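Visitor: I am new to this. Could you walk me through the words people use for a structure like the one below?

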Protein chains: 2
Amino acid sequence: MQVFSSGSATLAPEFGVLSGRWAQYAESGRLPELPFDAMWVVVPPGGRTNEDCHPELELSVVVEGSGTFESPNGRTEASAGTTVLMDSAERHVIHNNSAESRLVILSIYWMPVSVPEAADAK
Amino acid sequence: MQVFSSGSATLAPEFGVLSGRWAQYAESGRLPELPFDAMWVVVPPGGRTNEDCHPELELSVVVEGSGTFESPNGRTEASAGTTVLMDSAERHVIHNNSAESRLVILSIYWMPVSVPEAADAK
């Protein structure tokens, strides 16, 4: 049993907000090999992330506060207990509309699963 | 962009509590292939899960309330914003000690990554 908490993670400025990459747990030898990468994302009151776009799919699990997730496909509000899945190469920005509360997200991301047919064709 | 929320998931009795397996999203054609399985776990006030033990590693992301995670390796308190990782075949029980608030977890689980040397030996 191992515990990884947003409250005790080392955070650094990234994406216009603060992020705590889970690589920090691997460096301490505590993390087994995972089938995904992960990081904490902390958006301060009134803050927003920079626009981000990458080939990995990304599942944002809201664990504290609430925010607005925006992509070319729409906008949605999400509070603790809700997850938002961004598709590969889907541009996105996350806004914290609260003036008092921070928004904390566990972001889980992975490369798209390879297509078996393509592999067979090689 | 797709939204999956504990508040709107279909839950069913399982493990002595209520669970909402993410297979329900796949059935509606909304879920891409993920490198893990997932389910919502809702532990009512004063409740606890049955003891569980399985080969999959399991990352519990607490998204609402707080609880006590117990395994042969120890006990830990975890509240929203904290994750608890159970190793493969690590027996565990989750307790909700609150008399008023429910405990909601996003449970993410996957089989241990195969050992390349073993695969090569076949």
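**A covered strand and a two-fold pair**

Guide: Seven bridges join strand β4 (residues 37-43) of chain A to β10(A), and the two run antiparallel. This is a predicted model, where local features need pLDDT of at least 70, side-chain atom pairs count only at pLDDT 80 or more, and totals for chains, interfaces and linings use all residues. Residues are numbered from 1 along each chain, chains are lettered from A, and side-chain values use heavy atoms, without hydrogens and water.

Visitor: What makes β4 and β10(A) a pair?

Guide: Two strands (DSSP runs of E, at least two residues) pair if DSSP finds at least two bridges between them. Here there are seven, so the definition is met. One of the partnerships is D37(A) with Y109(A). Strand β5 (residues 57-64) of chain A also has seven bridges to β10(A), again antiparallel, and L57(A) is partnered there by W110(A).

Visitor: Why is β10 of chain A called mostly covered?

Guide: Buried means under 20% relative accessible area (1.4 Å probe, protein chains only). In β10 (residues 103-110), eight of eight residues are buried. In a regular strand, side chains alternate between the two faces of the sheet. Both faces are covered here, with L103(A) among the buried residues on one side and V104(A) among those on the other.

Visitor: How do you know that the two copies are related as by a two-fold rotation axis?

Guide: Superposing by least squares on C-alpha atoms of residues with pLDDT of at least 70 in both copies, a rotation of 180° with 0.0 Å of shift along its axis brings chain B onto chain A (RMSD 0.0 Å). The copies are therefore related as by a two-fold rotation axis.

Notes:
Buried means under 20% relative accessible area, exposed over 50%, partly exposed in between (1.4 Å probe, protein chains only). Helices (H or I, at least four residues) and strands (E, at least two) are DSSP runs, numbered from the N terminus.
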